[in-house]
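Trainee: I'm new to this one and don't know where to look. Please walk me through it piece by piece.

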Amino acid sequence: MVSKVAIVESLGEQAVLLPKLIASALAANDRLKIRLTLLQEASAQASEPGRAPPDLESERRAAGLDDRAFDAIFSGARPLDAGHFTAPGAAALVAGMAGDLVAMLAPLEVAGGEEAASLKARLEAIVTGLPAFADDRVSHSDVLSLASARRRAGDSLHLLVMDLHRAINKLASETAVEDVDGAAAAGLEETARERVRAFMRGLNRTKSLAFGHPGLATTAGQLGARLSIQNDIGTTDAHVLVVRVEGLMATTTYTDVHRPRAKFFMSLFEGSGVVWSPLGEKRQRNLAEGEVFYLLNGVFRAADATELDRFLELLGSRIVFLIDWNKARKALQLFADKKAAIEILTNAARRDEGHRAFLELGGAELIYEAVRNAASGRIAYGVPLDKALGEEECRGFLRNVLHVACEGLKDGRSTRLIRDEIQADLSQRLDTAEREILAVALRHLGLTRMLAGMIEAAFLPDDLASVEERRALAARAKALEAKADRLTVDARRLSSRLRDAGDLLTLIDQIEAATDCFDEAAFLLSLAEGDGASRISAPLTLLASVATDSVAQMTRAIEGALLIPNGKREDAAFALKCIDAVGDAERAADTAERAAMAALLGPALSGAEARVIVLGLEIARTMEDATDRLAHAAMALRARLLQELSE
């Protein structure tokens, strides 16, 4: 395209007409897009006649197609055979396409740019090949051909419209008679100028978040009472935003080849009062993925000029978050599912941070590097990041990656520092994953401690449990053991995410085994009948007390371990002291078990039934076994703590 000065010099008096020709061309662009949309909807309706037809009256009127008969093109669409359908008004709809194409070409021919001749040749070929749709008989394949956006499949009406639109926008920018806060504008009245300023306030507030990516060029023109503001967003075909403002109503037309991004765009305006067309929620039948574009229309009706400007500012501020959105989504989906990736991108946009900085710093490779440097040897091979950290923790990490990347680039921090911050965050979150396992183990020990205390209380000489109470104790013990088993499953699942989790697994398994021992002891105690329980209670009272103390010391050890990231050496010393106390309790339990065996087999119980003595011996064995298990758990915790303190 020739320069602005050359155009003005060559056009002479014709240059005065150019702004209106451009405005008319942009209006024709709107009409062509709604014509294509109506045909696509008709094709979809014919494929699924039972569905409720959408209401596109406001979108149709906003594009300048005022004839209500066009609504029947899809509401009245009916299948004829496998490849054809009838759509009332289809012939008239297509007949208007040629005139709209000519209107789009007009300003380019007047300007005489390099592209005009080739675009005109393409236009003539497309117009010659337009289907007549005689008797409103339409071929699904013809609709597909008209709407195709794939250049390797050959030229199409849709591709021509996109290229004409791009050329018109470029021409409008080069021939603009004024700059309105960065928007290339022509033919604006003062009221329209204020609306453009509002839009540009939002655009200029966030455009730096593109971090050098091309795009966001804005043009504005006025035709009669209608103001048209257009933004090219980025460099992708069929990715254009047009805002038409008339009175206190703003109609936003947005086209995209990616349905998820279109839905994301709509979500950025929740609560703003804009009403979007239902088209954004539908996938077209008979049109292959990637062959079509999605066209959205959003209508905002303001109460006054202030409210209208507030919406236009919001609209302008959101556009930057569409640039490379699909690329960012795919990068994030390497570490989280699709829903999570979109939620992360939405969160970043609402914080006015976005995703371009993340991509500028390497995108997925930025995260892979953090995993290699911060998680090497800590995450089991082949375990996805969202499984290693947990889904919520992974989302939090990815949200922070986008935040740190954006803030870092905005503040001019070095790339190395930004990467270090991300890696430090991941390392801390991995510590959190290990702490989560210890937290589950602590909950498990809470149940074990409760069970051990109940058994100890059953042996108290002054308040010896009755037969009914001992049976109730056994039932309660079984319920606690079942609840503890579920916690064991959770802890094992968490440990499976980590590499070198052997010590943690030993800790989990040994605590579970100790709980099983106490459950068995409660069951055995319930079997004692008559005065059997009273005869064995005295020899077992000390052992029961030692076993309860062992659980208490193990609980304190894990509580201390959980505090280590805050207190380091001081809390580590406390945890190690408690671990030693668990070992002391195990040795005390050995002594108490032998004393109990001696008492059970001694003269004091010489007249007791053999079954009573056997029960006493078995209860002593299981409780001492519980302290052994807890001692093994304590040693596993000690190994883990010493490993962490040495790093």
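Trainee: Let's start with one helix. Which residues of α12 are buried?

Mentor: Buried means under 20% relative accessible area, exposed means over 50%, and partly exposed is in between, with a 1.4 Å probe and protein chains only. Helices are DSSP runs of H or I with at least four residues, strands are runs of E with at least two, and both are numbered from the N terminus. In α12, the buried ones are W325, N326, A328, R329, A331 and L332.

Trainee: Before we go on, what kind of model is this, and from what number are residues counted?

Mentor: It's a predicted model, where local features need pLDDT of at least 70, side-chain atom pairs count only at pLDDT 80 or more, and totals for chains, interfaces and linings use all residues. Side-chain values use heavy atoms, with hydrogens and water left out, and residues are numbered along each chain, as its sequence is written, from 1.

Trainee: Back to α12. Why is it called largely enclosed by the rest of the structure?

Mentor: Helix α12 covers residues 325-332, which gives 8 residues to look at. It counts as largely enclosed because the buried ones number 6 of the 8.

Trainee: Which helices do the buried residues of α12 pack against?

Mentor: Packing here goes by contact, meaning heavy atoms within 4.5 Å. By that test, the partners of α12's buried residues are α10 (259-267), α13, α14 (356-360), α15 (364-374) and α17.

Trainee: What comes just before α12? Which phi value does D324 have?

Mentor: D324 sits in the loop between α11 (305-318) and α12. With a relative accessible area of 22%, D324 is partly exposed. Although D324 is not a glycine, its phi is positive, at about 60 degrees.

Trainee: And where is D352 found?

Mentor: D352 is another non-glycine residue with a positive phi, near 55 degrees. Its relative accessible area is 23%, so it counts as partly exposed. You'll find D352 in the loop between α13 and α14.

Trainee: Are α13 and α17 oblique or parallel to each other?

Mentor: The axes of α13 (residues 338-350) and α17 come within 10 Å and cross at roughly 40 degrees. An axis is a line fitted to C-alpha atoms, for helices over the stretch in contact, and angles run from 0 to 180 degrees between N-to-C directions. Angles under 35 degrees count as roughly parallel, over 145 as roughly antiparallel, 65 to 115 as roughly perpendicular, and the rest as oblique. That's why α13 and α17 are oblique.

Trainee: How many nonpolar, polar and charged residues make up the contact of α13 with α17?

Mentor: From α13 come A340, E343, I344, L345, N347 and A348, and they meet R395, L398, R399 and L402 of α17. Nonpolar covers Ala, Val, Leu, Ile, Met, Phe, Trp, Tyr, Cys and Pro; charged covers Asp, Glu, Lys and Arg; the others, Gly among them, are polar. The contact therefore splits into 6 nonpolar, 1 polar and 3 charged.

Trainee: What is the end-to-end reach of α17, from first C-alpha to last?

Mentor: α17 runs over residues 391-411, which makes 21 residues. The expected span of a helix is 1.5 Å times one less than its number of residues. For α17 that expectation is 30 Å, and its reach is close to it, at 30 Å.

Trainee: Which residue follows α17?

Mentor: Within α17, several residues are buried, including C394, G396, F397 and V401. After the helix comes a residue with a positive phi, near 75 degrees, namely G412.

Trainee: Now another pair: is the crossing of α5 and α8 left-handed or right-handed?

Mentor: The axes of α5 (residues 90-111) and α8 come within 10 Å and cross at roughly 35 degrees. A crossing is left-handed if the near helix is turned anticlockwise from the far one by less than a right angle, and right-handed if clockwise. α5 passes α8 in a crossing that is left-handed.

Trainee: Which residues does H165 contact, leaving aside neighbours within four places in sequence?

Mentor: H165 belongs to α8, which spans residues 157-174. It's buried, with a relative accessible area of 2%. Its contacts beyond those neighbours are L26, N29, K33, M104, Q230, V240 and V242.

Trainee: Last one: what share of the protein chain's residues count as buried?

Mentor: The protein chain has 23 helices and 11 strands. Among its contacts between residues at least 6 apart in sequence, 73% join residues at least 24 apart. Of the chain's 647 residues, the buried share is 53%.
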